[in-house]
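Biologist: I am new to this structure. Please pick a single part and take me through it closely. Then tell me how that part sits in the whole.

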Amino acid sequence: MENLLSLSFDYLSSFDGVKIRKGLRQLEGLLAQICLSRTATAAERRRSMAIDGVAKSSPKDLAFLSEDPAFREFFKLQEGFEWNVAIRLISCLERLLGKGSNGQNDLLLVSTLDLLRGVLLIHPPSRSLFAREIYMNLLLDLLDPSSCPAVQSSAVLTLVTALLEQPSITRCFENLDGLLTVTSLFKNRGTSREVKLKLVEFLYFYLMPETPYAGRDTASMHSGLHRNPSKASRLGSGGRESREGEEGTRTTTEKQSLLGRYLNNVEDLVEDLRETAPFGTNFG
């Protein structure tokens, strides 16, 4: 597995789009081997071929995935800097973003974001990378009005994945004016309808009660990484919850107040949440 990861990382570090695409496909293939079952019966394979023209594998049962030897090896490798996939994908995003917007580059951005979401779901501790302002700023930069709609939509979904069960990262998002970025894009007349729907879904997600990740503390998982501080870090932080290492949560009411600075009728969103109670959420 280390050899495959090493080869993929070499491709991802290139400025050549063809090599980057090859590295992404290799990583996608590795994750597919880990997460998809290859035990489909002959009848299931024939049925899949008849419907879709290709033989598809079914997902492995999540209840037993943690006991899978390949998954356990991959998860263990992600705990260190050398073999962590998320940090390599983030670095790839930085290079792609610096190349500007064009058709091929936008496709690579979307593919990289898609793969990054998968890695963050498979290895939740990697979400701690986005507690670093420079990496959170990278996601917010992808929500610029000049980005293509496909990149914007994929960036919103990746932002949701990064914030999932991570109150401390949500505080970082707030301190870097993430709410202003999201609401400005939503109110921009040039923003596509599809992207606006994704942004509304994000706001619903943001307003939900916060639940910290049940796993062990990963705040210092990547303490060996050192990057120059982003421009936003010089502005200072606004509250006690932004101090390093503190994982304070905010209630829906508190977040409603914050969001209300940038958007009208936030109370309607909260009322919808209370009525629908998605995922069985208890709003008290």
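Modeller: Start with the buried residues of helix α12: Val195, Leu199, Phe202, Leu203, Tyr206 and Leu207. They cover an arc of only 125 degrees around the axis, so they lie on the same side of α12. Keep in mind that this is a predicted model.

The helix itself is quickly described. Helix α12 spans residues 193-207, which is 15 residues. From its first C-alpha to its last it reaches 21 Å. That is close to the 21 Å expected at 1.5 Å a residue.

What covers the buried residues of α12? The cover includes α9 (149-163), α10 (167-175) and α11 (178-187). It also includes α13 (252-259) and α14 (266-276).

Now look at one contact partner by name. Phenylalanine 202 of α12 forms an aromatic pair with phenylalanine 173 of α10. A pair of aromatic rings is described by the distance of the centres and the angle of the planes. Here the rings sit 5.5 Å apart, centre to centre, with 70 degrees between the planes. The planes are over 60 degrees apart, so the pair counts as edge-to-face. Phenylalanine 173 and phenylalanine 202 are 29 residues apart, and their pair links distant parts of the chain. Both of these phenylalanines are buried.

The pair belongs to a group. Phe173, Phe202, Phe205 and Tyr206 form one aromatic cluster. Two of its members, Phe202 and Tyr206, are also on the list of buried residues of α12. The count of aromatic pairs comes to five.

Tyrosine 206 has a charged neighbour as well. Lysine 255 lies over the face of tyrosine 206, at 5.1 Å from the ring centre. Residue 255 falls within α13 (252-259), one of the helices that cover the buried side chains of α12. Elsewhere, arginine 88 takes a similar place: it lies over the face of phenylalanine 81, at 5.8 Å from the ring centre.

Now step back to the whole chain. It has 14 helices and zero strands. From the N terminus on, every element is therefore an α, as the DSSP runs define them. Of the 284 residues in the chain, 42% are buried. Take the contacts between residues at least 6 apart in sequence: 72% of them join residues at least 24 apart. The pair of phenylalanine 173 and phenylalanine 202, 29 residues apart, is a link across that kind of separation. Last comes the outside. The accessible surface of the chain comes to about 15300 Å², and 51% of it belongs to carbon and sulfur atoms.

Notes. Residues numbered from 1 in each chain as written. Predicted model: local features only at pLDDT ≥ 70, side-chain atom pairs only at ≥ 80, totals over all residues. Heavy atoms only, no water. Helix = DSSP H or I, 4+ residues; strand = E, 2+ residues; numbered from the N terminus. Buried < 20%, exposed > 50% of the residue type's maximum accessible area, 1.4 Å probe, protein only. Contact = heavy atoms within 4.5 Å. Areas by Shrake-Rupley, 256 points an atom, 1.4 Å probe, with all protein chains shown as cover. Expected span 1.5 Å × (residues − 1). Arc of directions from axis to C-beta. Phe/Tyr/Trp six-rings, centres within 6.5 Å; stacked < 30°, edge-to-face > 60°. Lys NZ or Arg CZ within 6 Å of the ring centre and 35° of its normal.
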